[in-house]
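Dear colleague,

Please find below the structure I am handing over to you. A short account of what was found in it follows.

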Amino acid sequence: MRVDFYQLSRDPVEQVVPLLARKALQGGHRMLVVSGDGERRAGISRALWSEGGTHFLAHGEAGEPHAARQPILLSETCAAPNEARMVILADGVWREEATGFERAFLLFDADATQNARDLWRSFRARDTIESHAWKQEEGGWIEVG
């Protein structure tokens, strides 16, 4: 499995999730977006609906009708009734259940940097996890590890 660490230093999570989700959809993948904060999920939902005006990103909330058909599913847990193989941990909190996906994106801000570093170090001891780190720079993202 692959884990991508995204350090948010410029853009809020509500701007980054649609970018990652769009790339996943373009690659033919389904996505699960996880946050334990209902207000954050609502903000992400608004951003997905307004992404690119007429080019909104269709999605739904776990537990709602037709959740299994959604290309992007928002949830407070790592359960993926839409059979997503990619998960975005939008609240910066690692969940061990994320290791059941092919790829996980851990989005974190400056306040969670130390936790992300500790997690990165713990993954180095696990042969089953390939880690990559990304940081915001002017004009985009650069891989830093």
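**Findings**

Pro-71 counts as partly exposed, because its relative accessibility is 23%. Please note that the model is a predicted one. This proline lies in the loop that connects β3 and β4. Leaving aside residues up to four places away in sequence, Pro-71 touches Leu-25, Arg-30, Met-31, Ala-58 and Asn-82. Arg-2 stands 69 residues from Pro-71 along the chain, and their C-alpha atoms are separated by 20 Å.

The two strands beside that loop belong to an open sheet of eight strands, ordered β3-β4-β2-β5-β6-β1-β7-β8, with mixed pairing. At the edges stand β3 (60-61) and β8 (140-143); each has a single partner strand, so one side of each is left without a neighbour in the sheet. Strands β1 (residues 2-7) and β7 (residues 130-137) run parallel and are joined by six bridges. Gln-7 has Lys-135 in β7 as its bridge partner.

Two helices lie across strands of this sheet. Helix α2 (residues 38-50) lies across β2 (31-34), β3 and β4 (72-75), and runs at about 160° to β4. Helix α3 (residues 113-124) lies across β1, β6 (103-108) and β7, at about 160° to β1.

Helix α1 (residues 13-26) has 14 residues and reaches 20 Å from its first C-alpha to its last, close to the 20 Å expected at 1.5 Å a residue. Its buried residues include Val-13, Val-16, Val-17, Pro-18 and Leu-20. Just after α1, Gly-28 takes a positive phi of about 85°.

With kind regards

Key
Residues numbered from 1 in each chain as written. Predicted model: local features only at pLDDT ≥ 70, side-chain atom pairs only at ≥ 80, totals over all residues. Heavy atoms only, no water. Pairing = 2+ DSSP bridges. Helix = DSSP H or I, 4+ residues; strand = E, 2+ residues; numbered from the N terminus. Contact = heavy atoms within 4.5 Å. Axes fitted to C-alpha atoms, helices over the stretch in contact; angles between N-to-C directions. Expected span 1.5 Å × (residues − 1). Buried < 20%, exposed > 50% of the residue type's maximum accessible area, 1.4 Å probe, protein only.
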